[in-house]
Amino acid sequence: DVKAQAEAEKIGKSTKATPFEELDNIKIKLSLKRHIKALNVAGKFAGRTTPFQKGDTVTAKELVTARIFMGSSQNFKAYRNAKDYQTLLDQYANLVELEQKYVPQGFVQPAEIRADIRADVEDLFKGFAREDVETAYELLSRINNAHGKTPAIHMNSNLSVNGKYTADMQDVLKPKEFQIQLSSKPTEAVPVSHVLMHEVGHWAFENLLTPTERLDFMKWFQSTYYRDGKVDFEKINSDTIYSN
């Protein structure tokens, strides 16, 4: 209601997702040791060399960028055993605690507003198999119909992997945008439409879930895919079409 909305705004909260570009306007003064420790752990993943201190002020954009880097699949390789993953989860939860206060409904990253989905898909996936083009069209159409925009997608001829969800960084913890990059020369083993679906999953995790829902997912992964103190890759493989 109107009263609840007004009360929420007093402490920097919103009842709807915050546009990514507005996160710079939300200032957070660091006071609790657990938040500072978590930010320093996450900051190292993002390339920050100067530690945060009590009394420092960070923006919500720096906060969410640090959390994204901490939980990225690139850094996940360091957490293949249950003990290390629990350490990650504890620090991740400390960052989410701040997000729950300052951006409780999550945020919306820059995305493409496509007036003509069909034309854009035909141009973006020119030269790929017709089945891949149609799958990409159906996926992006559904996203566009539901949200009025789709992820920013770029073809990259120099990509060393088939695809990735990555940050276009202007400085440490200061991304201009997060985008999906797809190789314009993917390996034949994995259709480009499957690569797109995988990367859209990363985009959806950040753009469609609240901080609480993201933490719940991390906990679900822990309870589902850790066995005898380590990641059960056989179960992951059995539950997914393609797995690295």
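I began with Lys61 and looked up its contacts in this predicted model: leaving out residues up to four places away in sequence, Lys61 touches Phe20, Glu21, Leu23, Asp24, Leu173 and Pro175. Lys61 belongs to helix 3, which runs over residues 60–70. I then checked its exposure and found a relative accessible area of 8%, so Lys61 counts as buried, the cut-off being under 20%.

Next I turned to the largest nonpolar core, which has 59 residues, and noted that Leu23, Leu39, Phe125 and Leu182 are those with the most contacts inside it. The largest share of this core, 8 residues, is supplied by helix 5 (residues 82–102). Leu23 I had already met among the residues touched by Lys61. For Leu39 I listed the partners, setting aside neighbours within four places in sequence, and these are Leu30, Phe52, Val58, Leu63, Ala66 and Leu95.

My last entry concerns helix 7, residues 130–147, whose 18 residues should span 26 Å at 1.5 Å a residue; I find its end C-alpha atoms 26 Å apart, which agrees. I recorded Asp132, Val133, Ala136, Leu140, Ser141, Ile143 and Asn144 as the buried residues of helix 7. They lie on the same side of the helix, because they cover an arc of only 165° around the axis. On the other side of helix 7 I found Glu131, Arg142, Asn145 and Ala146 exposed. When I asked what covers the buried residues, the elements included helix 6 (117–124), strand 6 (150–151), strand 7 (153–156) and helix 8 (192–207). Just after helix 7, I noted that Gly148 adopts a positive phi of about 75°.

Terms used:
Residues are numbered from 1 along each chain as its sequence is written. This is a predicted model: local features need pLDDT of at least 70, side-chain atom pairs count only at pLDDT 80 or more; totals for chains, interfaces and linings use all residues. Side-chain values use heavy atoms; hydrogens and water are left out. Helices (H or I, at least four residues) and strands (E, at least two) are DSSP runs, numbered from the N terminus. The expected span of a helix is 1.5 Å times one less than its number of residues. Buried means under 20% relative accessible area, exposed over 50%, partly exposed in between (1.4 Å probe, protein chains only). The arc is that of the directions from the helix axis to the C-beta atoms. Contact means heavy atoms within 4.5 Å. A nonpolar core is a set of buried Ala, Val, Leu, Ile, Met, Phe, Trp, Tyr and Cys residues joined through side-chain atoms within 4.5 Å.
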